[in-house]
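Trainee: Could you take me through one part of this structure closely? I would like to look at the disulfides and the cysteines around them.

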Amino acid sequence: STWFDDLILCEANEKRGDDACKLDADIKYTVGGIDVVLPTPVFGAGEYLKRKTCVNVGIPAMAKVTKWSDLNLSSASSPNHPLVRNSYKPNDFGVKVEIQAKGGVTRKDGACCISHVVWEQH
(Lines give C-alpha, C1' and ligand atoms only; values in the text may rest on other atoms or scores of the structure.)
Protein backbone atom coordinates (compact mmCIF):
# COMPACT_ATOMS: atom_id res chain seq x y z
CA SER A 1 0.00 0.00 0.00
CA THR A 2 1.17 3.53 -0.69
CA TRP A 3 0.12 4.90 2.71
CA PHE A 4 0.62 2.04 5.18
CA ASP A 5 3.83 0.17 6.05
CA ASP A 6 3.10 -2.40 8.76
CA LEU A 7 0.25 -3.93 10.70
CA ILE A 8 0.82 -5.58 14.08
CA LEU A 9 -1.90 -7.41 15.99
CA CYS A 10 -1.60 -8.46 19.64
CA GLU A 11 -3.58 -10.70 21.95
CA ALA A 12 -4.43 -9.98 25.58
CA ASN A 13 -1.77 -10.52 28.23
CA GLU A 14 -3.25 -13.53 29.98
CA LYS A 15 -2.10 -16.99 30.90
CA ARG A 16 -2.93 -19.34 28.01
CA GLY A 17 -2.26 -23.03 27.49
CA ASP A 18 -0.16 -24.53 24.71
CA ASP A 19 -3.31 -25.44 22.75
CA ALA A 20 -4.68 -21.88 22.78
CA CYS A 21 -5.04 -20.00 19.51
CA LYS A 22 -1.70 -18.82 18.13
CA LEU A 23 -1.83 -15.57 16.21
CA ASP A 24 0.86 -16.67 13.74
CA ALA A 25 -0.63 -20.09 12.91
CA ASP A 26 -4.34 -20.31 13.74
CA ILE A 27 -5.74 -17.20 12.06
CA LYS A 28 -6.25 -16.32 8.40
CA TYR A 29 -5.57 -12.64 7.73
CA THR A 30 -6.75 -10.74 4.67
CA VAL A 31 -5.45 -7.17 4.37
CA GLY A 32 -6.70 -4.88 1.64
CA GLY A 33 -8.26 -7.85 -0.16
CA ILE A 34 -5.00 -9.85 -0.24
CA ASP A 35 -4.38 -12.96 1.89
CA VAL A 36 -1.36 -12.67 4.17
CA VAL A 37 0.97 -15.59 3.46
CA LEU A 38 3.24 -15.61 6.50
CA PRO A 39 2.47 -13.53 9.59
CA THR A 40 5.54 -13.39 11.82
CA PRO A 41 5.79 -13.22 15.61
CA VAL A 42 7.21 -9.99 17.01
CA PHE A 43 10.40 -10.74 18.96
CA GLY A 44 11.85 -8.56 21.70
CA ALA A 45 8.48 -7.03 22.58
CA GLY A 46 4.95 -8.28 22.97
CA GLU A 47 5.71 -11.29 25.16
CA TYR A 48 3.90 -12.53 28.25
CA LEU A 49 4.91 -15.61 30.27
CA LYS A 50 7.29 -16.62 27.43
CA ARG A 51 4.43 -16.56 24.91
CA LYS A 52 4.70 -14.25 21.89
CA THR A 53 1.60 -12.09 22.05
CA CYS A 54 2.06 -9.99 18.90
CA VAL A 55 2.33 -10.84 15.22
CA ASN A 56 3.41 -8.66 12.30
CA VAL A 57 0.84 -9.24 9.58
CA GLY A 58 2.38 -6.62 7.31
CA ILE A 59 0.67 -4.90 4.42
CA PRO A 60 0.76 -6.98 1.20
CA ALA A 61 2.23 -5.06 -1.74
CA MET A 62 -1.01 -5.36 -3.72
CA ALA A 63 -3.32 -4.41 -0.81
CA LYS A 64 -5.99 -1.90 -1.78
CA VAL A 65 -7.30 1.01 0.24
CA THR A 66 -11.06 1.33 0.63
CA LYS A 67 -13.27 4.38 1.10
CA TRP A 68 -15.51 4.19 4.17
CA SER A 69 -18.58 4.68 1.97
CA ASP A 70 -17.58 1.66 -0.16
CA LEU A 71 -17.48 -0.81 2.73
CA ASN A 72 -20.14 -3.48 2.51
CA LEU A 73 -21.17 -3.68 6.15
CA SER A 74 -23.58 -6.32 7.38
CA SER A 75 -25.97 -5.37 10.17
CA ALA A 76 -24.02 -7.70 12.48
CA SER A 77 -20.66 -5.96 11.97
CA SER A 78 -19.45 -3.65 14.72
CA PRO A 79 -18.56 -0.79 12.31
CA ASN A 80 -22.30 -0.61 11.63
CA HIS A 81 -22.84 0.68 15.19
CA PRO A 82 -23.94 4.35 15.06
CA LEU A 83 -21.05 5.52 17.29
CA VAL A 84 -18.56 4.03 14.83
CA ARG A 85 -20.43 4.77 11.62
CA ASN A 86 -20.86 8.44 12.54
CA SER A 87 -17.15 8.85 13.31
CA TYR A 88 -16.13 8.71 9.65
CA LYS A 89 -16.84 10.79 6.57
CA PRO A 90 -17.81 8.97 3.33
CA ASN A 91 -14.46 9.83 1.66
CA ASP A 92 -12.27 8.71 4.59
CA PHE A 93 -10.23 5.67 3.61
CA GLY A 94 -8.18 2.89 5.13
CA VAL A 95 -7.10 -0.70 4.67
CA LYS A 96 -9.78 -3.30 5.35
CA VAL A 97 -8.54 -6.08 7.63
CA GLU A 98 -10.40 -9.39 7.82
CA ILE A 99 -9.57 -11.93 10.52
CA GLN A 100 -10.87 -15.49 10.60
CA ALA A 101 -9.98 -18.35 12.96
CA LYS A 102 -8.86 -21.48 11.16
CA GLY A 103 -10.38 -24.91 11.90
CA GLY A 104 -9.43 -26.56 15.15
CA VAL A 105 -9.59 -23.47 17.36
CA THR A 106 -11.95 -23.94 20.30
CA ARG A 107 -13.08 -21.82 23.20
CA LYS A 108 -12.21 -24.69 25.55
CA ASP A 109 -8.55 -24.75 24.46
CA GLY A 110 -8.31 -20.97 24.14
CA ALA A 111 -10.16 -18.88 21.60
CA CYS A 112 -8.43 -16.30 19.44
CA CYS A 113 -8.28 -12.87 21.02
CA ILE A 114 -7.16 -9.64 19.35
CA SER A 115 -6.75 -6.89 21.92
CA HIS A 116 -4.47 -4.37 20.16
CA VAL A 117 -4.00 -3.22 16.59
CA VAL A 118 -0.94 -1.12 15.72
CA TRP A 119 -0.21 0.22 12.26
CA GLU A 120 2.57 2.28 10.79
CA GLN A 121 1.76 4.78 8.10
CA HIS A 122 3.84 7.32 6.26
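Mentor: Happy to; here is a walk through the cysteines, followed by the chain around them. A word on the ground rules: this is a predicted model, in which local features need pLDDT of at least 70 and side-chain atom pairs count only at pLDDT 80 or more, while totals for chains, interfaces and linings use all residues. Residues are numbered from 1 along each chain as its sequence is written, and side-chain values use heavy atoms, with hydrogens and water left out.

Taking a disulfide as a pair of cysteine sulfur atoms within 2.5 Å, we find two disulfides. One of them joins C10 to C54, with an S to S distance of 2.0 Å. The link of C10 and C54 is right-handed, with 105° about the S-S bond. This pair connects distant parts of the chain: C10 sits in strand β1 (residues 4-10) and C54 in strand β7 (residues 54-56), 44 residues apart. Strands here are DSSP runs of E with at least two residues, helices are runs of H or I with at least four, and both are numbered from the N terminus. Both C10 and C54 are buried, where buried means under 20% relative accessible area, exposed over 50%, and partly exposed in between (1.4 Å probe, protein chains only).

Now for the other link. C21 and C112 form a disulfide with their sulfur atoms 2.1 Å apart, and the link of C21 and C112 is right-handed, at 85° about the S-S bond. C21 lies in the loop between β1 and β2 (27-31), and C112 in the loop between α2 (107-110) and β11 (116-121), so this disulfide ties together parts that are 91 residues apart in sequence. The burial of its two ends is worth checking too: C21 has 1% relative accessibility and therefore counts as buried, whereas C112 is partly exposed, with a relative accessible area of 27%.

Counting bonded cysteines along the chain, the disulfides follow the pattern 1-3, 2-4. C113 is in no disulfide, and the nearest cysteine sulfur, that of C112, is 8.9 Å away. C113 is partly exposed, with a relative accessible area of 24%.

Finally, the setting. The chain has two helices and eleven strands, which run along the sequence as β-β-β-β-β-β-β-β-α-β-β-α-β. Buried residues make up 25% of the 122 residues in the chain. With contact meaning heavy atoms within 4.5 Å, residues 24 or more positions apart account for 74% of the contacts with a separation of 6 or more.
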